[in-house]
4 protein chains.
Amino acid sequence: MIIVFKLGTNEETLGKVKELVEKQGIEVSVTKGAQQTIFGLIGDTSTINIGQLEMNDAVEKVMKIQEPFKKANRAFHPADSVINIDGQKIGGGHFTIIAGPCAIESEEQFMTIAKAVKEGGANFLRGGAFKPRTSPYSFQGLGKKGIEIMEMAKKETGLPIITEMMSAKQVEKFGDRVDVIQIGARNMQNFDLLKEVGKSKTPVLLKRGLCATYEEFLMAAEYIMAGGNENVVFCERGIRTFESWTRNTLDVSAVPVIRRKSHLPIVIDPSHAGGINWLVEPLSRAAAAIGADGITVEVHNNPEEAMSDGQQSLLPETFAKMVDKINVLRKVMSEIDG
Amino acid sequence: MIIVFKLGTNEETLGKVKELVEKQGIEVSVTKGAQQTIFGLIGDTSTINIGQLEMNDAVEKVMKIQEPFKKANRAFHPADSVINIDGQKIGGGHFTIIAGPCAIESEEQFMTIAKAVKEGGANFLRGGAFKPRTSPYSFQGLGKKGIEIMEMAKKETGLPIITEMMSAKQVEKFGDRVDVIQIGARNMQNFDLLKEVGKSKTPVLLKRGLCATYEEFLMAAEYIMAGGNENVVFCERGIRTFESWTRNTLDVSAVPVIRRKSHLPIVIDPSHAGGINWLVEPLSRAAAAIGADGITVEVHNNPEEAMSDGQQSLLPETFAKMVDKINVLRKVMSEIDG
Amino acid sequence: MIIVFKLGTNEETLGKVKELVEKQGIEVSVTKGAQQTIFGLIGDTSTINIGQLEMNDAVEKVMKIQEPFKKANRAFHPADSVINIDGQKIGGGHFTIIAGPCAIESEEQFMTIAKAVKEGGANFLRGGAFKPRTSPYSFQGLGKKGIEIMEMAKKETGLPIITEMMSAKQVEKFGDRVDVIQIGARNMQNFDLLKEVGKSKTPVLLKRGLCATYEEFLMAAEYIMAGGNENVVFCERGIRTFESWTRNTLDVSAVPVIRRKSHLPIVIDPSHAGGINWLVEPLSRAAAAIGADGITVEVHNNPEEAMSDGQQSLLPETFAKMVDKINVLRKVMSEIDG
Amino acid sequence: MIIVFKLGTNEETLGKVKELVEKQGIEVSVTKGAQQTIFGLIGDTSTINIGQLEMNDAVEKVMKIQEPFKKANRAFHPADSVINIDGQKIGGGHFTIIAGPCAIESEEQFMTIAKAVKEGGANFLRGGAFKPRTSPYSFQGLGKKGIEIMEMAKKETGLPIITEMMSAKQVEKFGDRVDVIQIGARNMQNFDLLKEVGKSKTPVLLKRGLCATYEEFLMAAEYIMAGGNENVVFCERGIRTFESWTRNTLDVSAVPVIRRKSHLPIVIDPSHAGGINWLVEPLSRAAAAIGADGITVEVHNNPEEAMSDGQQSLLPETFAKMVDKINVLRKVMSEIDG
């Protein structure tokens, strides 16, 4: 951390700030320019409150150097993390295809789709049992019954199952009945929930908040990891911008940037990013080409009557064709990268 | 709701869509232009999934007319809601001043500040017992002990108390021990939590999410009200934009817009909006002038050593001077509006 | 400027970077921590390309300390700039009210409005002769004829006149026929135009770009001032955000922040910020209360038939009533601030 | 266009609005629901001012159906436009690689890079003669001398040349000396400049504004086309968001969306989008995979000493390797799409 003082700050003030910082066990290296003084803080500055330092009238600016995330940081864990779930791997060069309907509507609906997406090339099965809806009057999911249907589908298809959980209670009750717990975008900074999944042993698919910075995204993973659960997969699903013709703006740069900063895998959700079915394939291609560790795609056998997100769902046959193309693309990608 | 069809859509397709909509108990009024057909949907269209309709290849666009919020809607409740808490009123022309430290750090600290802000003109006492922090390594609040300290301060000062709760469990345990439950910006769409406070009898201060639209803000209140708790106060606290010199961008237009759409009160949080102490007074003046129902201000007796948000806290004496000015401003405002 | 090196950077690399910087006449002060080295750059670093330094593999981060604007900077010009135009002052405690129609449509229309706004309390007259329209098929303004009408209106009312110019040619031809040249939001970084008005002697009203940061806003003024024209007035007119119920999001914090950084006056445009007539008064009140140096308001005698921006225009009588209220508010404000 | 009236609007008001609209030669189709009336407007509504209609107290909402762009609209020109420049094609399945330094610094520098990028696989040569810089104190380009150097490089390499022009004067003087005129992001809504290049016969590379919506982007092209110049190529170069770790946020969805709406080609600028050299290749891969018509890449033989944008420039050898990979990717893409 660096503290820059205003022009002409006197020795007394400098001395007081130095003392304040040193009290916290941090070494101070002083740089005196002709007019301006700079303090370099050496040591663990993660607990220092930048804002407080900036309140000091003599302080011009305080600048962080150290990144506040540790467990998620590639600097301390150079190799890619590979998460192994029931024989299916996420990360480290594998391309994971997660598919299924937005909401589990009935046993019949989910079973049909589950078999179809397996057939089509998915290696994880997704479905919503608890649905976060902007309106209290919209369908809120089948709850416990939904989890049971997912378990049946897993038995039938052999695919590991992923579902979103929205509260600590749900994690406590159902957290060990699924293979991956999804944390939704609107809960990315629901710290109570992050702590709860941190205590769980079940891997976590962490979706980026609608206006979360990369640093906040990494810090949300850090919350989970600090709790003891190191199996976190990032999911970029589009951010909110001024553009309204797409549901969100897919930020593909998240893939190379997060990869550079963290060892954890990152997948892309083209369905929520674009919000419309004809954008799913182009965005999935971009995901594969930029090196994402996978995609999570909404598939529905009857999108026009889906209870949620029908407009962004693919038909099983469209999904299967897309997967074939993505696989060709992926194969060439690995050849290119040797 | 209006459905606009593409140029040259044939009768058969039109007929199918008409049937689909009518099946949901909604009347369809057909407008045929020279080239383009439009359906006007009459009835309760709140459960209709716009996205699904848009999936139909023949559909150009679907447009909402009805607002999806009901209980929060001024159309159905023209008079201002006034929330009466222990003799203190929020809304309907009263200007509420909520003040206190970001975090409760100790009995001594909180008592000192509580007395000072009462002296300075506050009519509600705020303080954080459970702190949502972006880093798992930052101070997370005193928890239960914090609630107890607040209760003591209430006894001492007579001021009603407000604190943020971050989980359903906290609401269950402590929801009836405070006068107002605050829902933080990062939890504005934590639907599980909204449902829980909806079951509570304690009034709710609902902060706007960092990138929540007005409609989402209103829908979050609707969640709480749909659960049975109609005592909701909105709090505009700045939204996230590209500008980084301020912590957030205070959106003052939220006050007249929300007021037009809803009967619920709305206050402004100048501390989080600006993120720096010297912005608190100008933003509070703007809040008063634009007709907000109050402000919520962070005050600390020793901001330089505050455990959280020190840089945006006012000293008690600065707070008191500001309140005096705001009161003069408010008085003139009511004269103007006569 | 500060250069932070990566952990374990060797002496040779450090030496090379030091040399590179010193070649540009800048002194380097070296701080060596246990693991990390920091360079403090002392001297005029405004021409140093941060990006290039960051390209060096050994460099972790480069951080600016100096602000890149000089002539607009309050640090070098502590007193408020007051711009005196034909006896009307902008800045330094005066509250300027600029009013008139979006577009000049005819002599009759403009004369009628000009007299009405003078009567209503305006001290500057605005009107568009050259209109920046998002569609090439929309009304583009009366051009030269519009300037002539403004001149007549000035003669009639005695009010100084303001109009937007969109190109260097317009500034050359008409720049000295108006009292203030307005640079529109979409041209805030039209550097060719900024240079041209920099050569003019006519004061400039500089509108903030739709997504311009404060620093870019200040730098746009710097462009004009560097060209020799120091009479620049900032105009905050709302920024673009995800919120679509208002045309733009008025960023009131711009007033105290810009004031702190610069000595130039700053006014607010409530008409474009909100985009709808019923928002003009509340936003104008906020502008007055937060200490803006004035407002610029669209007024039309027949808004329903206005050729542009009718929906955000006030009727002359509504404008006059608003000005009365604002004046009361302003008077109290000055008493408060003593 | 659709006009939705408020509940209970009376016949007289409806009649007046009907008359007002019909006066403009537009047919009105009336839909009467139990409580609400809707007008469907049939005819060319492009000149109707939505805002004005919305001012009417009886009007709830006005909604556009028609898209305001015509010449750029794929609806009226279903086939891809292919722009043929000196034997090099843009659009219609060709993948164009535009490369060169940000700024032309000297004959030697530009010649060296020109030959290198040709060797590396570029089919267009770019370079800045007139530089839009946020600071008036930064290098502003070689101007006329830069154009001359480009002409030499064209003679030497045979590659068509692209350069940005920032004013009508530059277009007049130099517009026919280059093969493509670039309109920069900050000038996307410099309507005066758009009109000027509209009169030119030289093809235009139109960059998306930092916070321009897709519709505004299309309308900017419409301005140029309405002037008579139909050879417009879109360039997505990243938009401004709250994320600061990348220079801008590349919005890859622009490619499929713009393609669906318009017949004009669209290329991607990975250099400005990411703002850092190690992001150029991943973003270029995404561009190729999502079906962009090309990329425009900054290349410099000595990025550390570049006068502008060094940090986002590739070395010629890195560029060449990237082009090879992109070509493999493109080849597979065409096989996939058969």
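## Close-up views of a predicted four-letter assembly: chains A to D**View 1. Where chain C meets chain D.** Welcome to the first close-up: 40 residues of chain C are in contact with 40 residues of chain D (two residues are in contact if their C-beta atoms, placed from the backbone, lie within 7 Å). On the side of chain C that touches chain D, at least two residues each come from helix H2 (50-55), helix H5 (168-174), helix H6 (191-199) and helix H7 (214-226). Helices (H or I, at least four residues) and strands (E, at least two) are DSSP runs, numbered from the N terminus. H7(C) gives the most to this side, with five residues. Sorted by class, the side of chain C that touches chain D has 15 nonpolar, 16 polar and nine charged residues; Ala, Val, Leu, Ile, Met, Phe, Trp, Tyr, Cys and Pro count as nonpolar, Asp, Glu, Lys and Arg as charged, and the others, Gly among them, as polar.

Before moving on, please note that this is a predicted model, in which local features need pLDDT of at least 70 and side-chain atom pairs count only at pLDDT 80 or more, while totals for chains, interfaces and linings use all residues. Residues are numbered from 1 along each chain as its sequence is written, and chains are lettered from A and ligands numbered from 1 in the order in which they are written.

**View 2. Chains A and D as related copies.** A rotation of 180° with 0.0 Å of shift along its axis superposes chain D on chain A, with an RMSD of 0.0 Å (a least-squares fit on the C-alpha atoms of residues with pLDDT of at least 70 in both). The two copies are therefore related as by a two-fold rotation axis. In chain D, the C-alpha nearest the axis belongs to D:Ala286, 2.2 Å from it.

**View 3. Strand S7 of chain B and its neighbours.** Strand S7 (residues 96-100) of chain B is mostly covered, with five of its five residues buried (20 or more other C-beta atoms lie within 10 Å of the residue's own, with C-beta atoms placed from the backbone). B:Thr96, B:Ile98 and B:Gly100 lie on one side, B:Ile97 and B:Ala99 on the other, and all are buried. S7(B) pairs in the parallel sense with strand S14 (residues 294-298) over five bridges, and B:Thr96 stands opposite B:Gly294 there. S7(B) also pairs in the parallel sense with strand S8 (residues 124-126) of chain B over two bridges (pairing needs at least two DSSP bridges). In S8(B), B:Leu125 is the bridge partner of B:Ala99.

Key
A residue is buried if 20 or more other C-beta atoms lie within 10 Å of its own, exposed if 12 or fewer, and partly exposed in between; C-beta atoms are placed from the backbone.
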